[in-house]
Amino acid sequence: MSAKVRKVAGREEMATNYAFAPQEDDAIIKHRLLTRTTTTRGEPPLKKLNKKFITLVFEVEKDLDNYNECEKLYKNFLQEMATFELPLIKSKAVVDANIREKESFNELQEEIHGQILQAQADIEDLKTQLEESKIERQHKEECEAIRKLIALQPPRYETQQTISNLEKEIAALEAENAAGVRLLDLRKKQFSLLLHVVDELQNTVEDEQKSLMDELRTMVEEQKTSIEEANGRGSEAMYVD
């Protein structure tokens, strides 16, 4: 395959080394096909063949007994025609070869184009595989990191034992908290009762103090009255005397 590519590249390189400019090729090829000349010397073969034909026609149209001359001119015409026809056959062979070579080149070009498309598709597939490989590698690295973290952790039975101990501590703290809440409620009730008792005692003391004050006032009033009565009786006795 690479040899064919190099061959095509060599042909393309040779095509760039023409002696004439590309715009002159068509005119030169047309001129050579019409005149069948490859050099600037000599008479064009088509013109020579035309002259042979005209000479033969003129000789045949004469009324003279010139059979030998006509046969000679006829043979010369046939020879000139064969000479003119030979380059045509060669040109046809070259044209056929060029057509076959062109078809081969087109097939090669299509094959190369197909290989290019296949190579592009392979490149895209490889890109996709590369991205998938990157993602897979990233996942493997993440799994490895997680595995290392898991390896650093204590065994499961130790973790389970720690959890059980923590659950027991939590239960004990909850029980202690519940006992503290009950004790606090009891202290609140006792304190409320104490406040109520103090309040009742204070009211009782105030009532007793009030009652005592009333009794004292009554006693003072009675003593005052008694004294006044005693003083009145003494005055009366002195008066009688």
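In the predicted model, E200 is assigned to the partly exposed class because its relative accessibility is 38%, a value between the 20% and 50% limits that separate buried from exposed residues. E200 is located in helix 5, which covers residues 156–240. Together with D199, E206, D207 and E208, E200 makes up a negative patch on the surface.

A nonpolar surface patch is composed of F191, L194, L195 and V198, whose combined accessible area is about 380 Å². Of these residues, L194 is placed in helix 5. L194 has a relative accessibility of 48% and is therefore classed as partly exposed, since the exposed class begins over 50%.

The chain contains 5 helices and 0 strands, and its order along the sequence is α-α-α-α-α. Of the 241 residues in the chain, 6% are buried. In helix 4, the buried positions are C70, L73, F77, E80, F84 and L108. Helix 4 comprises 86 residues, from 67 to 152, for which a rise of 1.5 Å a residue predicts a span of 128 Å. The C-alpha atoms at its two ends are separated by 123 Å, so the computed separation agrees with the expected span.

Side chains that carry opposite charges can pair when their charged atoms come close. In this structure, 7 salt bridges were identified. One of them joins E124 to K127, with an N to O distance of 4.0 Å. Both E124 and K127 belong to helix 4 and are 3 residues apart, which corresponds to about one turn of the helix. The relative accessibility of E124 is 45%, so E124 is classed as partly exposed; K127, at 47%, is likewise partly exposed.

Helix 4 also holds the pair E144 and R147, again 3 residues apart, or about one turn of the helix. Their side chains form a salt bridge with an N to O distance of 2.5 Å. E144 counts as partly exposed because its relative accessibility is 32%, and R147 is partly exposed with a relative accessible area of 46%.

In helix 5, D214 and R217 are separated by 3 residues, about one turn of the helix. The salt bridge between R217 and D214 has its closest N and O atoms 3.0 Å apart. The relative accessible area of R217 is 47%, which places R217 in the partly exposed class, while D214 is partly exposed at 35%.

Definitions and conventions
Residues are numbered from 1 along each chain as its sequence is written. This is a predicted model: local features need pLDDT of at least 70, side-chain atom pairs count only at pLDDT 80 or more; totals for chains, interfaces and linings use all residues. Side-chain values use heavy atoms; hydrogens and water are left out. Helices (H or I, at least four residues) and strands (E, at least two) are DSSP runs, numbered from the N terminus. The expected span of a helix is 1.5 Å times one less than its number of residues. Buried means under 20% relative accessible area, exposed over 50%, partly exposed in between (1.4 Å probe, protein chains only). Patches are made of residues with over 30% relative accessible area and no salt bridge: like charges are joined within 9 Å, nonpolar side chains (Val, Leu, Ile, Met, Phe, Trp, Tyr) within 5 Å. Accessible areas come from the Shrake-Rupley method with a 1.4 Å probe; for residues, only the protein chains shown count as cover. Lys and Arg count as positive and Asp and Glu as negative; His and the chain ends are not counted. The place of a charge is taken as NZ of Lys, CZ of Arg, CG of Asp or CD of Glu.
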